[in-house]
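Student: Please take a close look at the buried polar and charged side chains of this model, and set out what surrounds them. I would like every term to come with its cut-offs.

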Amino acid sequence: MKHWTLQRKWTYASGLSIFLSFFMMCVILFFSLYNWLLISEEKMAQNTLHEVVNFFESKGPIISIQDIQRNKTLLNQLVNQKQSVRILNADGIEVLRINDASPFPSFSPTLTADFQKDKLNNQLLLHKVAETDFGLFKGYVEISHSLENFSQLMRYILIAMVIFTFIALVLSALIGYSLSSILLKPLKELRNEMQEAKQTKFSKEVSFQYATNDEIGELLTIYKQLMNEVSETITRQDEFIHNVSHELRTPIQVVEGHLSLLNRWGKEDRDVLDDSLHISLTEVQKMKLLIEEMLKLAKREYSTERLESNISMVVYDLQQKYRILAPTVEIRFEGKEIYTLAIPATALEQIVGNLIDNAIKYNNNQPKIVVQVMQDDTQTILTVIDNGIGIPNELLPKVFDRFFVVNEARTKTKGGSGLGLSIVKRLVSEYNGNIYIQSTENKGTKIDIIFSKKTNEE
């Protein structure tokens, strides 16, 4: 049964349950009919015995054997064709038998209130003895009532019930199979849908529809939710791959720049060598932290401990990084150096770094970037202002979409991937912040990021 299909189990279970129910009803009905018909036979025999006794007593008080024999024809009319009656004297000797249709057991003068059931010569019968006293004759009247008709009727009923039980078994199996086919059809369609989704790597949308609000409808709802979660997981996986490749580009470029510097002429200069090795190791460590943060972001698993990052220190590190990558870029910090945010330093560096990177790529002038920080009792406002080419107003709602770029030609020359602002948006949202953008073409862009102070402290 372990390898049976649900339809097969349903068919057998429904067929067996209907068959057992019908079988139990037949058993109860058979024994009910048996007892009822047996009681009817006993009543019939009792009536015959009573009429015979009354007949003899009505002929009293003085009646002889000759009188009894002369009234034999009349007695035959009182006795059923399957009944026999005999008259016995006080010594138990038979003196007269009427309608010899049913055998008698050995005589016993014991009187009983109920009929006795016996089997003689393969024939089932009921018999009873009654006393009689009519004048000069005292003795017994005994009746033997054959149950042959009763036995035949019960045999016919039993055969009919067996036939009907067999028919009920076949019909119940057919009905169970038909019902299981109808009721399990949505499950089969859902199974086929799942198999197709597996074959297409969960890229196919759920097309199976089921409007009934029952268990199958609940199962379909759960399946759709699972499919959405799987789709979101795959999407997050793709985003993670793109985000990691995007975010690792900058520290790799820094390490590559220092290694090139050492390869050209820095090997002979001890100060340059030490400085380059220190910066390279720092960038490698940052890449390690960056990968860990990206993994947390992809899995949405964050530590419950409170993380503080000093904003001015993050900007200072970025200034040192871009001093190697883009020496002509001017990055200025405006704000108190004590201002902090309750987010990891690597996440804050990703946010600000991506905004600075975009400000450098999309700029026709010498890049000038201002990072401003304002803080009060309720919120922290981080603002990044640049003097780049700006963004048209109609494109502002799309700039946070993945792979969206404002200028395709500049993207090809500068190597942009369209992921920077989407990563910024994702990080800001994950740390319960809001981001707003204002831009004027050919003048520059201003981006405000607002973190709630209450949220930070939590």
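Tutor: A residue counts as buried when its relative accessible area is under 20%, as exposed when it is over 50%, and as partly exposed in between, with a 1.4 Å probe and protein chains only. The model is a predicted one, in which local features need pLDDT of at least 70 and side-chain atom pairs count only at pLDDT 80 or more, while totals for chains, interfaces and linings use all residues. Residues are numbered from 1 along each chain as its sequence is written, and side-chain values use heavy atoms, with hydrogens and water left out.

Some background comes before the side chains. Buried residues make up 40% of the 458 residues in the protein chain, which has 13 helices and twelve strands; these are DSSP runs numbered from the N terminus, helices being H or I over at least four residues and strands E over at least two. The mean pLDDT, the predictor's confidence in each residue from 0 to 100, is 79 for the protein chain, and 78% of its residues reach 70 or more. Over residues 408–417, however, pLDDT stays under 50, and the value also stays under 50 over residues 300–305. Where pLDDT is low, the predicted coordinates should not be read in detail.

Helix α10, residues 345–361, contains Thr346, and this threonine is buried, with a relative accessible area of 14%. Thr346 and Ile291 are 55 residues apart in sequence, yet their C-alpha atoms are 9.6 Å apart in space. Lys361 and Asp357 also lie in helix α10, four residues apart, or about one turn of the helix, and both of them are buried. They form a salt bridge in which the closest N and O atoms are 3.1 Å apart, a salt bridge being a side-chain nitrogen of Lys or Arg within 4 Å of a carboxyl oxygen of Asp or Glu.

Elsewhere, salt bridges with shared partners join Arg86, Glu94, Arg97 and Glu142 into one network. Within this group, Arg86 forms a salt bridge with Glu94, their closest N and O atoms being 3.4 Å apart; Arg86 is buried at a relative accessible area of 8%, whereas Glu94 is partly exposed at 33% relative accessibility. Glu330 and Arg332 form another salt bridge, with 3.6 Å between the closest N and O atoms; here Glu330 is partly exposed at 33%, and Arg332 is partly exposed at 38% relative accessibility. The structure holds nine salt bridges.

Glu41, in helix α1 (residues 6–58), presents another situation. Glu41 is buried yet has no salt bridge, and the nearest side chain of opposite charge, that of Lys82, is 11 Å away; in this count Lys and Arg are positive and Asp and Glu negative, while His and the chain ends are not counted. The side chains of Glu41 and His145 are nevertheless joined by a polar contact of 2.5 Å, meaning a pair of N or O atoms within 3.5 Å, where within protein one must be able to donate a hydrogen and the other to accept it, and residues adjacent in sequence count only if both atoms are side-chain atoms. Beyond its neighbours within four places in sequence, Glu41 is in contact with Leu126, His145, Ser146, Leu147 and Phe150, contact meaning heavy atoms within 4.5 Å.
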